[in-house]
Amino acid sequence: MAEIIYNGKTYTRNNSKWIDRDYMVVHETLQRELNQLYLKTLDLSSYSLKDLISEGDKFKESYTYDYAIAFYEKAVELCDEETLKYILPRITSCYRHEKRPKKAIELFSYAKGKHGKDFITPVLLTSVAAAYCDLKEYENALRCCRWAYKHFGGDFDPNLSNVFERIKKESGLE
């Protein structure tokens with residue numbers, strides 16, 4: 001377990017969150033500060049692919065999306081196509097949280113161009129549809145939602161439904 005002394009107090013990283021000596025999870029601002037200090041001690045090139053993804057997930061869970069992106073981007077450099085399929089939705093979600101929806105769409109377009117349409121998953125399409133909503137490009141968002149719905153086989157997915165609702169609410173499109 002990672003440990004950091006900050007302002008005279010000791011904090012321990014428990015999975016994705018920093019806790020104080022009383023085992024209380026610290027507030028989000030302090031999470032970010034501790035994550036920043038922790039990241040400075042790390043050498044990403046020494047991580048295995050599995051560990052890069054795991055650490056990226058931990059940073060994502062602690063709302064430190066920029067650090068999650070750093071781990072995921074390093075993982076993307078090392079991974080095979082199958083692993084890339086499940087990293088892409090995670091990293092596109094982080095780009096959106098960092099107010100970079102265009103980057104999420106660019107990554108989607110790159111993956112689709114390089115690996116083809118069969119490479120695209122419904123989860124990735126849902127994330128990209130939300131990125132299009134962020135940019136107020138509702139026609140493109142709706143196209144991604146319909147594509148994702150078709151790939152889910154018509155099954156209910158709450159995230160996809162939320163994007164459909166967002167499109168309806170913000171644009172009036174159906």
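What percentage of the 174 residues of the chain count as buried? In this predicted model, the share of the 174 residues that count as buried is 43%.

## Overall make-up

The secondary structure of the chain amounts to 8 helices and 3 strands, and the elements follow one another from the N terminus in the order β-β-β-α-α-α-α-α-α-α-α. Measured out along the principal axes in computed terms, the C-alpha trace spans about 55 × 35 × 25 Å.

The exposed area of the chain comes to about 10100 Å², of which carbon and sulfur atoms supply 48%. Among contacts in the chain with a separation of 6 or more, 51% are accounted for by residues that lie 24 or more positions apart.

## The sheet and its hairpins

The 3 strands make up an open sheet in which the order is 1-2-3 and the pairing is antiparallel. Strand 1, at residues 3-6, and strand 3, at residues 17-19, are the edge strands, each of them pairing on one side only. On average, and with direction ignored, neighbouring strands of this sheet are turned by 35 degrees against each other. Helix 1, covering residues 28-40, packs on the sheet and touches strand 1, strand 2 and strand 3, while its direction makes about 115 degrees with that of strand 1.

Strand 1 and strand 2 (residues 9-14) run antiparallel and are joined by 4 bridges; within this pairing Glu3 has Thr12 of strand 2 as its bridge partner, and Tyr6 stands opposite Lys9 in strand 2. The hairpin that these two strands form has 2 residues between the strands, and in it Asn7 takes a positive phi near 50 degrees. Strand 2 also pairs with strand 3, again in the antiparallel sense, over 3 bridges, and here Thr12 stands opposite Ile19 of strand 3. The hairpin of strand 2 and strand 3 likewise has 2 residues between its strands, with Asn15 in the turn showing a positive phi of about 60 degrees. Thr12 is thus named in both pairings, as the partner of Glu3 and as the residue opposite Ile19.

## The nonpolar core

The largest nonpolar core has 53 residues, and those with the most contacts inside it are Trp18, Tyr38, Leu88 and Ile167. At least two residues of this core come from each of helix 1, helix 2 (49-61), helix 3 (65-78), helix 4 (81-97), helix 5 (101-115), helix 6 (122-134), helix 7 (138-151) and helix 8 (158-171). Helix 6 gives the most to this core, supplying 8 residues.

## The cysteines

How many disulfides does the structure hold? The number is 0. For Cys79, the closest cysteine sulfur belongs to Cys94 and lies 15 Å away, and because this is too far for a bond, the two sulfurs are not joined. Cys94 is accordingly in no disulfide, the nearest cysteine sulfur being that of Cys79 at 15 Å.

Is Cys79 buried or exposed? With a relative accessible area of 15%, Cys79 is buried, because the limit for that class is under 20%. Cys94 also counts as buried, at 0% relative accessibility.

## Two sites along the helices

Thr64 is found in the loop between helix 2 and helix 3. Although it belongs to a loop, Thr64 is buried, with a relative accessible area of 0%. Not counting residues up to four places away in sequence, Thr64 touches Arg32, Asn35 and Phe59. Arg32 and Asn35 fall within the residue range 28-40 of helix 1, and Phe59 within the range 49-61 of helix 2.

Glu81 is found in helix 4, and it is partly exposed, with a relative accessible area of 46%. Once its neighbours within four places in sequence are left aside, Glu81 is in contact with His115 and Phe119. The C-alpha atoms of Glu81 and Ala111 are separated by 9.6 Å, the two residues being 30 residues apart along the chain.

Conventions. Residues are numbered from 1 along each chain as its sequence is written. This is a predicted model: local features need pLDDT of at least 70, side-chain atom pairs count only at pLDDT 80 or more; totals for chains, interfaces and linings use all residues. Side-chain values use heavy atoms; hydrogens and water are left out. Two strands pair if DSSP finds at least two bridges between them. Axes are lines fitted to C-alpha atoms, for helices over the stretch in contact, and angles run from 0 to 180 degrees between N-to-C directions. Contact means heavy atoms within 4.5 Å. A disulfide is a pair of cysteine sulfur atoms within 2.5 Å. Buried means under 20% relative accessible area, exposed over 50%, partly exposed in between (1.4 Å probe, protein chains only). A nonpolar core is a set of buried Ala, Val, Leu, Ile, Met, Phe, Trp, Tyr and Cys residues joined through side-chain atoms within 4.5 Å. Accessible areas come from the Shrake-Rupley method with a 1.4 Å probe; for residues, only the protein chains shown count as cover.
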